[in-house]
Amino acid sequence: MTRLDPRSPMVLDTKLVGRRPGAMSELVREVGAPSDFGTDVMRVEEGQPLALDLRLESVVEGVLVTGSVRGTATGACVRCLDPVSQEVDGSFQELFVYAERHDHHREVGDEDADEELRIEDGLIDLEPVLRDTVVPALPFKPVCRPDCPGLCSECGIPLAEDPGHQHDLIDPRWAALSVLTETSPTPTEKRT
């Protein structure tokens with residue numbers, strides 16, 4: 001297990017609130033997004049700013065962190081592949097438990113003990129909380145606009161540039177008959 005770096009902007013020191021239940025501290029900070037902060041189609045690029053508003057409250061079990069995160073995600077429209085940018089705004093509230101409380105929960109057989117976020121050496125790592133807040137809020141199929149017509153499936157031209165664009169396609173089963181219409185003689189007059 002790697003130790004948390006107290007100089008990292010994603011790491012909070014619990015000394016801000018101490019261990020006396022009811023103590024509270026508020027802070028505002030800007031952090032750079034970590035790598036792989038998103039999905040294949042939409043992400044907050046590494047190093048892009050994330051604005052955090054945080055409130056830390058000391059409780060008996062540990063430290064309750066309540067906050068919001070704001071930033072900008074970028075990607076590509078799934079219909080036309082044009083660049084897409086979207087504001088990200090999420091809220092979270094997570095309890096980080098003291099190591100001894102976590103050990104106690106495991107001893108008594110608490111099923112949720114493995115899912116608990118822990119305070120390590122008096123430090124809190126916000127990255128998993130921010131990831132769990134931002135990534136699920138990103139659109140699964142981002143579009144540049146709701147009525148984006150996409151690309152032509154035949155030639156790939158953006159349909160927004162040429163709304164009347166079309167191709168005359170002949171069913172391959174009938175294609176051989178089109179040759180007959182091209183080479184057939186003109187009809188003669190009917191005999192009486």
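A polar contact is a pair of N or O atoms within 3.5 Å, where, within protein, one atom must be able to donate a hydrogen and the other to accept it. In this predicted model, the backbone oxygen of G18 lies 3.3 Å from a polar atom of the side chain of S58, a residue of strand β4. The points below start from that strand, move to its partners and to the nonpolar core, and then return to S58 and the aromatic rings.

**Strand β4 and its two faces**

- In a regular strand the side chains alternate between the two faces of the sheet.
- Strand β4, which spans residues 49-58, shows this alternation, with L50, L52, L54, L56 and S58 buried and pointing to one face, whereas P49, A51, D53, R55 and E57 point to the other face and are not buried.

**Pairing with β2 and β5**

- Strand β2 (residues 24-32) runs antiparallel to β4 and is joined to it by nine bridges, and within β4 it is L50 that stands opposite V31.
- Strand β5 (residues 62-76) also pairs with β4 in the antiparallel sense, here over eight bridges, with V69 of β5 standing opposite L52.
- β4 and β5 together form a hairpin, in which three residues lie between the two strands.

**L54 and the nonpolar core**

- The largest nonpolar core comprises 33 residues, and L54 and V65 are the ones with the most contacts inside it.
- The elements that contribute two or more residues to this core are β2, β4, β5, β6 (83-97) and α2 (127-134).
- When residues up to four places away in sequence are not counted, L54 touches L12, S25, E26, L27, V65, T66, G67, F92 and L126.

**The surroundings of S58**

- S58 has a relative accessible area of 3% and is therefore buried, the cut-off for that term being under 20%.
- Besides the backbone oxygen of G18, the backbone oxygen of R20 also lies 3.3 Å from a polar atom of the S58 side chain.
- Leaving aside neighbours within four places in sequence, the residues in contact with S58 are V17, G18, R19, R20, P21, G22, A23 and Y98.

**Rings and charge**

- R19 and Y98, both of which are in contact with S58, also meet each other, in that the charged end of R19 sits over the ring of Y98 at 3.6 Å from its centre.
- As for contacts between rings, the structure holds zero aromatic pairs.

Notes. Residues numbered from 1 in each chain as written. Predicted model: local features only at pLDDT ≥ 70, side-chain atom pairs only at ≥ 80, totals over all residues. Heavy atoms only, no water. Phe/Tyr/Trp six-rings, centres within 6.5 Å; stacked < 30°, edge-to-face > 60°. Lys NZ or Arg CZ within 6 Å of the ring centre and 35° of its normal. Buried < 20%, exposed > 50% of the residue type's maximum accessible area, 1.4 Å probe, protein only. Helix = DSSP H or I, 4+ residues; strand = E, 2+ residues; numbered from the N terminus. Pairing = 2+ DSSP bridges. Contact = heavy atoms within 4.5 Å. Core = buried A, V, L, I, M, F, W, Y, C linked by side-chain atoms within 4.5 Å.
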